[in-house]
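Student: I've got a model open and I keep tripping over the vocabulary. Can we go through the terms one at a time and see how each gets decided?

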Amino acid sequence: MAFNETGLQKIQKEVGALCRKKSSEALDDQLRFDYKIEKYDVIIYEIRPRWDNPSEITEMPIAKLTFVLSRNIWKLSWQRANGKWVRYKPKESSKDLSDLTRAIESDAQGCFFE
């Protein structure tokens, strides 16, 4: 695992809180958000039933936070419809993870949430 216990706690606090805030208990079976850690990436997913088969659940990545160890910064990307990750221009990087979770939440350019 790429993150130590302190890093994991920070991710849980910032990214976990964002996912909980964007998810609604009333709509939990229709739409919710969660995240996964893959090496130095924290990927936020939209989780919902598949439109043509509601018994099947789909996960669609909406944001990727990448920690660059050599520079001690986080980079923020969003996923285009073609599946390619693109840097989020209003706030591409920060030393503080909470800066980027706030950028995702405000979603000034409509890249993360519809």
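Tutor: Here is a run through the terms, with the values behind them.

Tutor: Ground rules first: this is a predicted model, in which local features need pLDDT of at least 70 and side-chain atom pairs count only at pLDDT 80 or more, while totals for chains, interfaces and linings use all residues. Residues are numbered from 1 along each chain as its sequence is written, and side-chain values use heavy atoms, with hydrogens and water left out.

Student: How do you know how many helices and strands the protein has?

Tutor: Helices are DSSP runs of H or I with at least four residues, strands are runs of E with at least two, and both are numbered from the N terminus. That gives two helices and six strands, in the order α-β-β-β-β-β-β-α along the sequence.

Student: What makes the radius of gyration agree with a compact globule?

Tutor: The radius is taken over C-alpha atoms, and the globule rule is 2.2 Å times the number of residues to the power 0.38. For 114 residues a compact globule would come out near 13 Å, and the protein has 14 Å, so the two agree. The C-alpha trace spans about 45 × 30 × 25 Å along its principal axes.

Student: Why is Glu14 called buried?

Tutor: Buried means under 20% relative accessible area, exposed means over 50%, and partly exposed is in between (1.4 Å probe, protein chains only). Glu14 has 14% relative accessibility, so it counts as buried. Glu14 sits in helix 1, residues 5–22.

Student: What is Glu14 in contact with, leaving aside its neighbours within four places in sequence?

Tutor: Contact means heavy atoms within 4.5 Å. On that basis Glu14 touches Leu97, Ser98 and Thr101. Two of those partners, Leu97 and Ser98, are among the buried residues of helix 2 (residues 97–106), and so are Leu100, Thr101, Ala103 and Ile104.

Student: What covers the buried residues of helix 2?

Tutor: The cover includes helix 1, strand 2 (41–50), strand 3 (53–68), strand 4 (73–79) and strand 6 (93–94).

Student: How do you know that strand 2 and strand 3 pair?

Tutor: Two strands pair if DSSP finds at least two bridges between them. Strand 2 and strand 3 are joined by 10 bridges and run antiparallel. They form a hairpin with two residues between them. For landmarks, Ile47 has Glu59 in strand 3 as its bridge partner, and Glu46 has Met60.

Student: Which strands pair with strand 2 and strand 3 on their other sides?

Tutor: Strand 1 (residues 32–38) pairs with strand 2 in the antiparallel sense over seven bridges. Arg32 stands opposite Ile47 there. Strand 3 pairs with strand 4, also antiparallel, over six bridges, and Lys64 has Ser77 in strand 4 as its bridge partner.

Student: What makes strand 2 "mostly covered"?

Tutor: Eight of the 10 residues in strand 2 are buried. For the whole protein, 38% of the 114 residues count as buried.

Student: Why is Ser77 called buried?

Tutor: Ser77 has a relative accessible area of 1%, under the cut-off, so it is buried. Beyond its neighbours within four places in sequence, Ser77 is in contact with several residues, including Ile62, Trp85, Tyr88 and Phe112.

Student: What is unusual about the phi of Asn72?

Tutor: Most residues other than glycine have a negative phi. Asn72 has a positive phi near 55° and is not a glycine. Asn72 is in the loop between strand 3 and strand 4, a hairpin with four residues between the strands.

Student: Buried or exposed, or something in between: how does Asn72 count?

Tutor: At 44% relative accessibility, Asn72 counts as partly exposed.

Student: Where else does a positive phi turn up?

Tutor: Lys39, in the turn of the hairpin of strand 1 and strand 2, has a positive phi of about 55°. Asp107 has a positive phi of about 45° although it is not a glycine, and Asp107 comes just after helix 2.

Student: Why is Asp107 called buried?

Tutor: Its relative accessibility is 10%, so Asp107 counts as buried.
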